Amino acid sequence: MLDKYPRLLIDRRAIRNNTKKVVSWCDEQGIFVSGVIKGASGIEEVAKEMEAGGVKIIASSRLEQLERCKASGIRLPLMMLRVPMLSEVPRLIETCEYSLNSELVVIKKINDEVLKRGHRRHKVVLMADLGDLREGFIDAEELISIAIKIENDLNGIELAGVGTNLGCYGSIIPTKDKMKDLRILSEKVEKAIGRKLEIVSGGATSSLMGVFDKYMDGINMLRIGAAIIAGPYDEIRTVYGREEIDELECPFNLEAEIIEIKKKPSYPIGKLGVDAFGNKGKYVDRGVRNRALLAIGRADYGDISSLIPEDDKVELIGASGDHTIIDIEDCDSSYEIGDILRFKIKYSAILNLSSSENVDIFFIN
Ligand SMILES: *Cc1c(COP(=O)(O)O)cnc(C)c1O
């Protein structure tokens, strides 16, 4: 059978190795890891490798992905990361042991559904907004009063802990002070309910920074996706320029096929308007260059800047929905029509490509 392109190559062993590495970094600081699968569109094999690599919980912001994991035989507890929709609460408690929460009406609904169905208790982590301004209680006293209410009045729910999310909307860095704020909040909650919490969850991949710099006192769980899935190729959401991150592998590669090769001028010919996406392009006249077209485009991967050509003499020029234009003038190898080019890819492109119906998924290792 002929191979089909474009395709996403997934190195299962690299996912497992990345997971093991992250788990061991965290373990040294007394932190356990929840493996976050949403960045790879919840592909079950990714969850399986995270499980094999030592995460204690599988987590996603999409309930559908967790339902698929459960159906495919993942045995670990599952955690819903996005604050649940009221409308999905019945499905939530069927599938997930844990969820992150910030609204009392939702928490009450979870409680009612659990009691109505005689279900096992659902574990809730209350989210504190420490300034990133996405989900969570901005008012610590409100969080504490809801913790007390859950503990005393809501028998269908177990208060599992507190958590926070940083670096998503407000691009707030998980500094030592932020981690300390969370620890102090967790101690207040523990004092108010008279027992220890199971979980104090200090954030996502960006919080690995605190693991490396050893300021995660009182934090015992991180929810890690990007570091495992994108490895070192995620400079935005990962720990900026940390050497440790380079120990990770890049488990996802993209392969795309060349459909045209021609010498062309580098500056468009005619009166300039807007491109396929309505933007004014910026073009540099470098004379006539050898150009190739790839049968893949923004509809598949999103933004061209999230591709990194394996042949570092390949230059990314631009893209429309279904085409990618590259400059191959300076390449050592002479490419031909039908040749396959390989790219490393960043988090956002992995997210897009893993859910694209035009892209085949191919497992290696
Ligand atoms: C996506 C997400 C994570 C994981 O983030 P990464 O940067 O991929 O590690 C953790 N927590 C929440 C609430 C999320 O939505």
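This passage describes the overall fold, the ligand site and three backbone features of a predicted model.

Local features were considered at pLDDT of at least 70 and side-chain atom pairs only at pLDDT 80 or more, while totals for chains, interfaces and linings use all residues. Residues are numbered from 1 along each chain as its sequence is written, and side-chain values use heavy atoms, with hydrogens and water left out.

The protein has 11 helices and 16 strands. These elements are DSSP runs, numbered from the N terminus (helices: H or I, at least four residues; strands: E, at least two). Along the principal axes, the C-alpha atoms fill a box of roughly 75 × 45 × 40 Å. Of the 365 residues, 50% count as buried. Buried means under 20% relative accessible area, exposed over 50%, and partly exposed in between (1.4 Å probe, protein chains only). The protein exposes about 17,000 Å². Carbon and sulfur atoms supply 49% of that area. Accessible areas come from the Shrake-Rupley method with a 1.4 Å probe; for residues, only the protein chains shown count as cover. Among contacts (heavy atoms within 4.5 Å) between residues at least 6 apart in sequence, 66% join residues at least 24 apart.

The ligand has 15 residues around it. Each has a heavy atom within 4 Å of the ligand. Lys38, Thr205, Arg223, Gly225 and Ala226 come nearest. By class, the shell holds 7 nonpolar, 3 polar and 5 charged residues. Here Ala, Val, Leu, Ile, Met, Phe, Trp, Tyr, Cys and Pro count as nonpolar, Asp, Glu, Lys and Arg as charged, and the others, Gly among them, as polar.

Three side chains place N or O atoms within 3.5 Å of ligand N or O atoms, the cut-off for a polar contact. A side-chain N or O atom of Arg223 is 2.8 Å from a ligand nitrogen. For Arg134, the distance to a ligand oxygen is 3.1 Å. A polar side-chain atom of Asn165 lies 3.4 Å from a ligand nitrogen. Taken alone, the ligand exposes 390 Å², and the protein buries 98% of that.

Three backbone features were also noted. The peptide bond from Tyr5 to Pro6 is cis, with omega near -5°. Pro6 sits in the segment before β1 (7-11). Ser41, though not a glycine, has a positive phi of about 50°. Ser41 is in the loop between β2 (32-36) and α2 (44-53), and counts as buried because its relative accessibility is 12%. Lys214 also has a positive phi, near 60°. Lys214 lies in the loop between α8 (208-212) and β9 (221-224). At 58% relative accessibility, Lys214 counts as exposed.

Key: Polar contact = N/O pair within 3.5 Å; in protein donor to acceptor, adjacent residues only side chain to side chain.
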